Amino acid sequence: MAQFQRTASVSTRVGANWRDYYELTKPRVVAMLLLTALVGMCLATPGWPPWSAVLVGLFGIGAQASAAAVFNHVIDWKIDTKMQRTRHRPVAEGRVSQGAALAFAVILMVMGFIACWWLNPLTAWLTFASLVGYALVYTQWLKPATPQNIVIGGLAGAMPPLLGWTAVTGELHAHALLLVMIIFTWTPPHFWALAIHRRHDYAKADVPMLPVTHGVGFTQTMVLLYTLLLVIVGIFPWLTGMSGWLYLVGATTLNLVFVGYAWRLKTQSQKGIAWQTFKFSIWHIFATFVVLLADHALRY
């Protein structure tokens, strides 16, 4: 009882720090999601989309993405305490109580839903579905159940370009789904590279990530195959006329470099290649969407 009271006291005292709540939202991840949503908004119209749709849409999508991140902290707190990478997270370390984190997540979720609804109901419901897909379907169900968790659950993280598109147009479009496909195909090799690097952490936490259940060699092969698939998927925006030559050259170059990292990961045994591949994958998706935006700006 004394230990519980001491932990609760620390949570109450330190939990008021705004930096802990900021960390709960996974701001770097959300920033990347918002970039892809912004690109979806811009590609949805020949010119620059209305400022109202951009500002309200990014706020609504960002708030709900942040809420999903907070729910993830709450649901995963036991796993987080067992892993070196996550054991210092605010809920895992007790700096923010589960109740306070849940209240924060609900506030963000409601604010985000209202903002998206102000634009149109389609965006509101799709954004909410993405939140449920990440916070519940992936975190609560898929993550502890199957090594294919990131493949199936990755769809939720791939949705922001579609959400940005619908925020501006209020309707679905095949071009927006192509943007989703790019992120959906990129997610497994991105995350599996990290999982290889942190496989002992996942094994310790009893999380069935692919390197834990099927071995590092098999996972390396899957990373390579998915990067090759990404090269093919990356051509579709050009083939459909959504993007021009700048995108084709830029995206293909980035994808081939990603294949190069995946090939090194598969064929070489130097320490740190998995981590290098993971770090490059972050810059890869950032640069891919910047190239998409630059190509669109030059064409219009």
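## Helices, salt bridges and loops in a predicted model

In helix H7, the residues counted as buried are Thr 123, Ala 124, Leu 126, Thr 127, Ser 130, Leu 131, Gly 133, Ala 135, Tyr 138, Thr 139 and Leu 142, where buried stands for under 20% relative accessible area, exposed for over 50%, and partly exposed for what lies in between, with a 1.4 Å probe and protein chains only. This is a predicted model, in which local features need pLDDT of at least 70 and side-chain atom pairs count only at pLDDT 80 or more, while totals for chains, interfaces and linings use all residues. Residues are numbered from 1 along each chain as its sequence is written, and side-chain values use heavy atoms, with hydrogens and water left out.

Helices are DSSP runs of H or I with at least four residues, strands are runs of E with at least two, and both are numbered from the N terminus. Helix H7 covers residues 121-142 and has a kink of about 35 degrees centred on Gly 133; the bend at a residue is the angle between axes fitted to the seven residues ending there and the seven starting there. Gly 133 is itself among the buried residues of H7. The buried residues of H7 pack against H4, helix H6 (98-119), helix H8 (149-157), helix H9 (160-169) and helix H10 (174-197), contact being defined as heavy atoms within 4.5 Å.

In helix H8 lies Asn 149, which is buried, with a relative accessible area of 0%. When residues up to four places away in sequence are not counted, Asn 149 touches Tyr 138, Leu 142, Lys 143, Gly 154, Pro 208 and Met 209. Of these, Tyr 138 and Leu 142 also appear among the buried residues of H7.

Helix H13 (residues 216-239) has 24 residues and should span 34 Å at 1.5 Å a residue, and its end C-alpha atoms are 35 Å apart, which agrees; the expected span is 1.5 Å times one less than the number of residues. The buried residues of H13 include Met 222, Val 223, Leu 224, Tyr 226 and Pro 237, and the buried residues of this helix pack against H8, H10, H12, helix H14 (245-267) and helix H15 (273-299). Just after H13, Gly 241 takes a positive phi of about 85 degrees.

Which residues are linked in a network of salt bridges? The network joins Asp 20, Glu 23, Glu 93 and Arg 95, a salt bridge being a side-chain nitrogen of Lys or Arg within 4 Å of a carboxyl oxygen of Asp or Glu. A search of the whole structure finds four salt bridges, and the table gives those that involve Arg 95.

| Salt bridge | N to O distance |
|---|---|
| Arg 95 and Asp 20 | 2.8 Å |
| Glu 23 and Arg 95 | 3.2 Å |
| Glu 93 and Arg 95 | 2.4 Å |

Glu 23 and Arg 95 link distant parts of the chain, with Glu 23 in helix H2, Arg 95 in the loop between H5 and H6, and their positions 72 residues apart. Arg 95 counts as buried at 15% relative accessibility, and Asp 20 likewise counts as buried, at 6%. Glu 23, by contrast, counts as partly exposed at 34% relative accessibility, and Glu 93 is partly exposed with a relative accessible area of 38%.

Two loop residues other than glycine have positive phi values. Lys 26, in the loop between helix H2 (18-24) and H3, has a phi near 50 degrees and is buried, with a relative accessible area of 16%. Asp 206, in the loop between helix H11 (199-204) and helix H12 (210-214), has a phi near 60 degrees and is exposed, with a relative accessible area of 67%.

On the surface, Trp 48, Trp 51 and Leu 55 form a nonpolar patch with about 400 Å² of accessible area together. Patches are made of residues with over 30% relative accessible area and no salt bridge, like charges being joined within 9 Å and nonpolar side chains (Val, Leu, Ile, Met, Phe, Trp, Tyr) within 5 Å, and the areas come from the Shrake-Rupley method with a 1.4 Å probe, only the protein chains shown counting as cover for residues. Trp 48 is found in the loop between helix H3 (27-43) and helix H4 (51-75), and is partly exposed, with a relative accessible area of 46%.
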